[in-house]
Amino acid sequence: MNCKICNNPSEKIFDKIVLQKYPSNYYKCTACNFVQTDEPIWLNEAYSSAITDLDIGLLDRNNILKNEVKNIIDTYFPESKVYLDYAGGYGVFVRIMRDIGYDFYRQDTYCENIFATHFDITDTDIKKFDIVTGFEVLEHLNNPIQEIGEMLNYADTAIFSTEILPENNNQIENWWYITQETGQHIAFYSKEAMEVLAKRFNKNYYRRNGNIHIFTNKKLSNFKTKSSKSFLSKIFEKKVRRESLTGKDYQYIKNLLNKK
């Protein structure tokens, strides 16, 4: 089997039973260390529910991402104005970000938009955004090159989250992120694989706090690989004041409802 990222040979490192019924080998690239499953014939079954029972950290994750993305935007992309959350699930992140003043929209083919209704990609004429985000998405992609390319069609800058592979094969086999019980995680990225991807799309690559990845045309000066915690560092970070969109969104939706 060849690597889906760099097309070099991949070697089997272990096997597991996916969804408690589908045997699958897991292969590691001999060049970029990307790990992939056998052809995932189980995906339709795996996505019978878009959000799995094991995603119990969804709300906490979105709260963490709110602060992380706000910091990245304000510090490195303060000129940006409109944003798209790709595969945005129930719309939790979009609603949170709009509440603190960031003009986010949601895209998701498989999941119902519950919390960001009227702020879906189908609700706007915007075709090109300043930043596209994709949180806990990359590990779901069966055709990473094609699908990441589709994401980058929406914006020249992308902010992703995905965990980076442990160092050795034994750690990978017993890694919590494999989640063979749900069958949705089928692609696992190394630092080298992320670098290969960024280069393929002619992007600069920046990694922050281990699992946040930025692809951008922009060169980010004084980029910090970890979130700043100290008081002094916060003083020197760029501060962008934004007005919450909650009130405007309320009035906008109210007007829509009155037109029905």
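In this predicted model, helix 6 is followed by asparagine 202, whose phi is positive, near 55°. Helix 6 itself is a good place to begin, since its two sides can be told apart.

Within helix 6, the residues Ala193, Met194, Leu197 and Ala198 are buried, and, seen down the helix axis, the buried residues fall within an arc of 135°, so they line one face of the helix. An α-helix has 3.6 residues a turn, so residues three or four places apart point the same way. The face turned away from the buried side of helix 6 carries Lys199 and Arg200, which are exposed, while the buried residues pack against helix 4, strand 9 and strand 10.

Met194 and Leu197 also belong to the largest nonpolar core, which has 34 residues, and they are among those with the most contacts inside it, together with Ile5, Phe34, Ile148 and Tyr189. The elements that give two or more residues to this core are listed here.

| Element | Residues |
|---|---|
| strand 4 | 82-86 |
| helix 4 | 144-154 |
| strand 7 | 157-161 |
| helix 6 | 191-200 |

A second, separate core of 21 residues includes Ile72, Tyr76, Ala116 and Ile212.

The sheet comes next. Six strands form an open sheet with mixed pairing, in the order 5-4-6-7-10-9; strand 5 and strand 9 stand at the edges, each with a single partner strand, so one side of each is left without a neighbour in the sheet. Strand 7 and strand 10 pair in the antiparallel sense over four bridges, and serine 161 stands opposite isoleucine 212 in strand 10. Helix 4 packs on this sheet, touching strand 4, strand 5, strand 6 and strand 7, and its direction makes about 160° with that of strand 4.

Note on methods
Residues numbered from 1 in each chain as written. Predicted model: local features only at pLDDT ≥ 70, side-chain atom pairs only at ≥ 80, totals over all residues. Heavy atoms only, no water. Core = buried A, V, L, I, M, F, W, Y, C linked by side-chain atoms within 4.5 Å. Buried < 20%, exposed > 50% of the residue type's maximum accessible area, 1.4 Å probe, protein only. Arc of directions from axis to C-beta. Contact = heavy atoms within 4.5 Å. Pairing = 2+ DSSP bridges. Axes fitted to C-alpha atoms, helices over the stretch in contact; angles between N-to-C directions.
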